[in-house]
Amino acid sequence: MKTITCAQMGGMCDAEIKAETKDEMMAAGMAHLEEAHPEMAATVAAMAPTDPAMVKWTEDFDKTWESTPEDVAGEESAPEATSEAAM
Ligand SMILES: [Zn+2]
């Protein structure tokens with residue numbers, strides 16, 4: 001299970017979207033768009049998969065998915081260290 005926010009998928013809010021697989025995440029993201037941002041959902045739905053903007057989005061989404069750690073059950077922070085240092 002991974003969690004990606006609407007904003008990370010190019011949306012305009014911080015709603016968290018959870019899914020087990022990349023395909024599920026795409027579907028869940030689209031469902032969220034239709035519910036919360038119908039005008040954006042219509043724009044995306046009208047785009048061909050070969051549209052350069054869509055190809056770019058898919059590449060970015062792939063990277064976001066790959067770089068997002070799996071949710072750890074019962075823990076707030078992932079064990080993997082990041083480059084973010086404590087203030
Ligand atoms: Zn949203």
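Biologist: At what angle do the axes of α1 and α2 cross, and within what distance do they come?

Modeller: This is a predicted model. In it, the axes of α1 and α2 cross at roughly 130° and come within 5 Å. That makes α1 oblique to α2, because the angle is neither over 145 nor in the range 65 to 115 degrees.

Biologist: Which residues of α1 and α2 meet there?

Modeller: From α1, M30, L33 and E34. From α2, P38, M40, A41 and V44.

Biologist: How many of the residues in that contact are nonpolar, polar or charged?

Modeller: The split is 6 nonpolar, no polar and 1 charged.

Biologist: Let's take E34. Is E34 buried, exposed or partly exposed?

Modeller: E34 is partly exposed, because it has 14 C-beta neighbours inside 10 Å. Buried would need 20 or more, and exposed would need 12 or fewer. E34 sits in helix α1, which runs over residues 22–36.

Biologist: How far is E34 from A45, C-alpha to C-alpha?

Modeller: The two C-alpha atoms are 9.9 Å apart. Along the chain, E34 and A45 are separated by 11 residues.

Biologist: And M40, on the other helix. What does M40 touch?

Modeller: G11 and L33, leaving out residues up to four places away in sequence. M40 belongs to helix α2. The C-alpha atoms of M40 and G11 lie 8.3 Å apart, with their positions 29 residues apart along the chain.

Biologist: Why does M40 count as partly exposed?

Modeller: Because M40 has 15 other C-beta atoms within 10 Å.

Biologist: Back to α1. Which residues of α1 are buried?

Modeller: M25, G29 and L33 are buried in α1. They cover an arc of only 75° around the axis, so they fall on the same side of α1.

Biologist: What covers the buried residues of α1?

Modeller: The cover includes strands β1 (2–5) and β2 (16–19), plus helices α2 (38–46) and α3 (52–67).

Biologist: Which exposed residues are on the face turned away from the buried side of α1?

Modeller: D23, A31 and E35.

Biologist: What span should α1 have, and how far apart are its end C-alpha atoms?

Modeller: α1 has 15 residues, so at 1.5 Å a residue it should span 21 Å. Its end C-alpha atoms are 20 Å apart, which agrees.

Biologist: Same check for α3. What span is expected, and how far apart are the ends?

Modeller: With 16 residues at 1.5 Å each, α3 should span 22 Å. The end C-alpha atoms of α3 are 23 Å apart, and that agrees too.

Biologist: How many of the residues of α3 are buried?

Modeller: The count is 0 among its 16 residues, and α3 is hardly covered. Take T58, which lies in α3. T58 is exposed because it has 12 other C-beta atoms within 10 Å.

Biologist: How far is T58 from M9 in space?

Modeller: Their C-alpha atoms are separated by 9.4 Å. In sequence, T58 and M9 are 49 residues apart.

Biologist: Switching to the strands. Where does K18 sit?

Modeller: K18 is in strand β2. Beyond its neighbours within four places in sequence, K18 is in contact with M1 and T3.

Biologist: Is K18 buried or exposed?

Modeller: K18 is exposed, because 12 other C-beta atoms lie within 10 Å.

Biologist: How far apart are K18 and A28 in space?

Modeller: C-alpha to C-alpha, K18 and A28 are 7.6 Å apart. In sequence, 10 residues separate K18 and A28.

Biologist: Now the overview. How many helices and strands does the protein have?

Modeller: There are 3 helices and 2 strands. Along the sequence, the pattern reads β-β-α-α-α.

Biologist: What share of the residues is buried?

Modeller: Buried residues make up 7% of the 87 in the protein.

Biologist: And what share of the contacts with a separation of 6 or more comes from residues 24 or more positions apart?

Modeller: Such residues account for 32% of those contacts.

Note on methods: Residues are numbered from 1 along each chain as its sequence is written. This is a predicted model: local features need pLDDT of at least 70, side-chain atom pairs count only at pLDDT 80 or more; totals for chains, interfaces and linings use all residues. Helices (H or I, at least four residues) and strands (E, at least two) are DSSP runs, numbered from the N terminus. The expected span of a helix is 1.5 Å times one less than its number of residues. The arc is that of the directions from the helix axis to the C-beta atoms. Two residues are in contact if their C-beta atoms, placed from the backbone, lie within 7 Å. Axes are lines fitted to C-alpha atoms, for helices over the stretch in contact, and angles run from 0 to 180 degrees between N-to-C directions. Angles under 35 degrees count as roughly parallel, over 145 as roughly antiparallel, 65 to 115 as roughly perpendicular and the rest as oblique. Ala, Val, Leu, Ile, Met, Phe, Trp, Tyr, Cys and Pro count as nonpolar, Asp, Glu, Lys and Arg as charged, and the others, Gly among them, as polar.
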